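Q: Please walk me through one helix on this model, residue by residue where you can, and then show me what lies elsewhere in the fold. I work at the bench, so plain language is welcome.

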Amino acid sequence: MSTLPVALPASMFPPHRYYYLHNFQRALAWVGERYDDLLDEAGHSFLQRFEQLPQPSQALIVRLLMRRGPWFRADRLAYEEIPDIGGAAGPLLELGWLDEDQPMGLDELFALHTKPELLRLFAREPIHTGMRKAEMLAALQAIHADQKSYAEWNPQASAAAWRVTVGEICERFRLMFFGNLHQDWSEFVLADLGVFRYETVEFDAASRAFQSRVNVDRYLALQACRQALDEGVEAASLLQAVAQHACSNPWLENRRAKVLLRIGQACEKAQDWALAEQAYASCPYPGARHRRIRVYERMGRSADALALALAAQAAPESDEESQRVARMLPRLRRSVGQGGRGRSASLASEVAQMRIELELDWPGQPASVEFVLSEHWHGESAPVFYVENALINSLFGLLCWPAIFAPLPGAFFHPFQSGPADLGAPDFVQRRAALFDACMSRLDDGSYRDAIRQRFADKQGLQSPFVFWGTLSEELLGLALDCIPAAHLKLFFTRLLRDVKANRTGFPDLVRFWPDERRYELVEVKAPGDRLQDNQIRWLQYCAGHGIPVSVCHVRWRGQKAVEGVA
């Protein structure tokens, strides 16, 4: 077993002004150590040649890789630690990592120049100072459709323009290091500065994001499909492309399913119901089934919609789907002539029993209704806190810290993870069932208070997908442990574990404590015109059904109309 982060030779820690280079070297060392068997010839060649480059050349290519490119004007580059930009670029040009002769399109040329520069460059063309830059581009595109080298576009230029040609392979390294493309090299800097601190997790060689080169390719292909969808590429072709990337890797299949869901949503937006139905029918991602029911309705296939809704009602994938289907069924039954039977009346009755109404004066300063009510109720003998999703999630995260940060294969594979990579996977809880059972058993034997307090102290400030350090003060923690019974915590945590992704939100806004009586109440707050959201209704029903004290407080403002800043 080894421990994150990997120990690196002292020679790999250059002066601090090269902090970004140091971080990039750490990442390359990590990739070379853990993914050597997944690197192709080009990958091995890059690692070897990068190490042989002079430090200024290393620094320059890393600087450019971390900026938006791929084109850069040499005369626009200025870095204190790289005084000779041209000299640093020389070895990179020899390797072909920078290229000054590649052709560029007119839009790329425009991106490198200011409007005044473009007016001088195209002085004899049909553009003028009254046009915006985008209008100038549109006016010239038909005339200059061909690509040219920068020197051909701008023969009078005093400096070259360079295209970075190793961006793709370095993106591949970034993906292999982080296991995703939404994190970037700034994670190193934030960790070095202490802005983010991460749990240290032990792991073995199996704990890496990818086990085969093919899976790296699949991830990048799926990412390309997502990007193409955002850019407006035809959904039918993307649906066909995504279908070709099915695999046995659960993590990648979950990602593929998310892309299918996004394609289905795009088709719905375009009112292409047949293609949307095709996307949802092949998509196992949560939420696809109820969207497919809705698409059947749009297509006039009421019988198919009802049949699928009844199947979902018999075996719902989540509380959210059960709620949505219950709302659909009366309408679907009416559409096939069966007559509607629903729970709307009983649901309204349940919510009405939780309702309390309160009239308050306008606050002196703009403030949310939750804060206004919290201050109104707050007292020394009955403190009130605005916690929303923070309190129960934090208590759960502290109690179940060992299960959440367990070093399971595929869960942790780099030093900058705030939680396990499979947190949203359907088998997240199942894979850790014994560990979660051990944590939950502390609620039965009474040791949970000490465990939570100890982790509150030991893990203070470490990144976690559940713990809200900015909200969870020692006072709030102490009151919660004293006033919320273990049986209620077990009920909260049990529902969280039933669907971690969906049930982490929707908790009531406020918590009221009566320390002398060792009791509490959760309160959802609504301003005039506000309505309960679906996830809030699900938590309210659950709490009411299990004897957890909860209410919905509707606030009215005394004698005044709503003003901006108070909601």
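A: Let's begin with helix 28, whose buried residues are N535, Q536, I537, R538, W539, L540, Y542 and C543. Please keep in mind that this is a predicted model. Helix 28 covers residues 534-545, and its length can be checked: at 1.5 Å a residue, its 12 residues should span 16 Å, and the end C-alpha atoms are indeed 16 Å apart, so the two values agree. After the helix comes G547, which has a positive phi, near 75°.

One of those buried residues, W539, also has a charged partner. The charged end of R495 sits over the W539 ring, at 4.4 Å from the ring centre. You will find another example of this arrangement at Y20, where the charged end of R63 sits over the ring, 4.1 Å from its centre.

Now for the sheet. Its 5 strands form an open sheet in the order 6-10-9-8-7, and the pairing is mixed. Strand 6 (355-360) and strand 7 (384-386) are the edge strands, each pairing on one side only. On average, neighbouring strands are turned by 30° against each other, with direction ignored. At the strand 7 edge, 3 bridges join strand 7 to strand 8 (residues 510-514), and these two strands run antiparallel. To find one of the partners yourself, look at F385, which is bridged to V511 in strand 8.

Helices pack on this sheet too. Helix 19 (residues 369-377) touches strand 6, strand 7, strand 8, strand 9 (519-526) and strand 10 (550-557), and its direction makes about 85° with that of strand 6. Helix 25 (residues 474-483) lies across strand 7, strand 8 and strand 9, running at about 65° to strand 8.

Next come the aromatic rings. Searching the whole structure gives 29 aromatic pairs. One of them is formed by F177 and F416; this pair is tilted, with 6.3 Å from centre to centre and 45° between the planes. The pair links distant parts of the chain, 239 residues apart: F177 belongs to helix 9 (residues 167-178), while F416 is in the loop between helix 21 (401-404) and helix 22 (428-431). Both F177 and F416 are buried. F492 and F507 make an edge-to-face pair, 6.5 Å centre to centre with 65° between the planes. Because F492 lies in helix 26 (residues 486-498) and F507 in the loop between helix 27 (500-503) and strand 8, this pair ties together parts that are 15 residues apart in sequence. F492 and F507 are buried as well. Ring pairs also link F24, F46, F50, W97 and F173 into a cluster.

To finish, helix 23 (residues 433-445) can be read the way we read helix 28. At 1.5 Å a residue, its 13 residues should span 18 Å; the end C-alpha atoms are 19 Å apart, which agrees. Its buried residues include F436, C439, M440 and L443. The buried residues of helix 23 pack against helix 20 (390-399), helix 21, helix 22, helix 24 (448-458) and helix 26. Following helix 23 is G446, with a positive phi near 85°.

Definitions and conventions:
Residues numbered from 1 in each chain as written. Predicted model: local features only at pLDDT ≥ 70, side-chain atom pairs only at ≥ 80, totals over all residues. Heavy atoms only, no water. Pairing = 2+ DSSP bridges. Helix = DSSP H or I, 4+ residues; strand = E, 2+ residues; numbered from the N terminus. Axes fitted to C-alpha atoms, helices over the stretch in contact; angles between N-to-C directions. Contact = heavy atoms within 4.5 Å. Expected span 1.5 Å × (residues − 1). Buried < 20%, exposed > 50% of the residue type's maximum accessible area, 1.4 Å probe, protein only. Phe/Tyr/Trp six-rings, centres within 6.5 Å; stacked < 30°, edge-to-face > 60°. Lys NZ or Arg CZ within 6 Å of the ring centre and 35° of its normal.
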